[in-house]
Amino acid sequence: MPTGQLSKRVAVIGSGPTGMSTAYYLGMYGHDVTVFERDPAPGGMPRYGIPQYRPTQVAGLEAEYQSVADLGVKGVCNTALGR
């Protein structure tokens, strides 16, 4: 963490590429990050928006999300916010 900054608690809504990238960099800076996802598993559009017959790299998603979790980022699935 850069000198002079305090660790903050941050909530990220959505575990798609943008949300997880945000969580990753905030985690790198030492912030306490929780990612909230409405679906049963993280992934956003790469996991749920691409039809099953298309060749995707869903298996690679697990490794990417594990690297974010290794930073201490917490994930809460099956949690819809705002309605």
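These are my notebook entries on what I looked up in this structure, which is a predicted model.

**Entry 1: the overall layout.** I began with the whole protein chain and counted three helices and three strands in it. Following the sequence from its start, I wrote down the order of these elements as β-α-β-α-α-β. I then looked up how much of the chain is covered, and found that 24% of its 83 residues count as buried. The accessible surface of the protein chain is about 5900 Å², and carbon and sulfur atoms hold 55% of that surface. For contacts in the chain with a separation of 6 or more, I noted that 59% are between residues 24 or more positions apart.

**Entry 2: the core.** Next I asked myself which residues form the largest nonpolar core. I found nine of them, namely Val12, Met20, Ala23, Val33, Val35, Leu61, Tyr65, Val68 and Val73. When I traced where they come from, I saw that helix H1, strand S2 (32-36) and helix H3 (58-69) each give two or more residues to this core. The largest share is that of H3, which supplies three residues. I also followed one core member, Leu61, and, setting aside its neighbours within four places in sequence, I found it in contact with Pro46 and Arg47.

**Entry 3: His31.** I then turned to the loop between H1 and S2, where His31 sits. Is His31 buried or exposed? Its relative accessibility is 16%, and because buried means under 20%, I entered His31 as buried. I noted as well that the side chain of His31 reaches the backbone nitrogen of Lys8 at 2.9 Å.

**Entry 4: Met28 and the surface patch.** My last stop was Met28, which I located in helix H1, a helix that covers residues 17-28. I looked up its relative accessible area and read 46%; since this value lies between the limits of 20% for buried and 50% for exposed, Met28 is partly exposed. I then asked which residues form a nonpolar patch on the surface together with Met28. The other members are Tyr25, Tyr29 and Leu71, and the patch as a whole has about 400 Å² of accessible area. Because Met28 and Leu71 are 43 residues apart along the chain, I also checked their C-alpha atoms, and the separation between these is 6.9 Å.

Conventions. Residues numbered from 1 in each chain as written. Predicted model: local features only at pLDDT ≥ 70, side-chain atom pairs only at ≥ 80, totals over all residues. Heavy atoms only, no water. Patch = residues over 30% accessible without salt bridge, like charges linked within 9 Å, V, L, I, M, F, W, Y side chains within 5 Å. Areas by Shrake-Rupley, 256 points an atom, 1.4 Å probe, with all protein chains shown as cover. Salt bridge = Lys/Arg side-chain N within 4 Å of Asp/Glu carboxyl O. Helix = DSSP H or I, 4+ residues; strand = E, 2+ residues; numbered from the N terminus. Buried < 20%, exposed > 50% of the residue type's maximum accessible area, 1.4 Å probe, protein only. Core = buried A, V, L, I, M, F, W, Y, C linked by side-chain atoms within 4.5 Å. Contact = heavy atoms within 4.5 Å. Polar contact = N/O pair within 3.5 Å; in protein donor to acceptor, adjacent residues only side chain to side chain.
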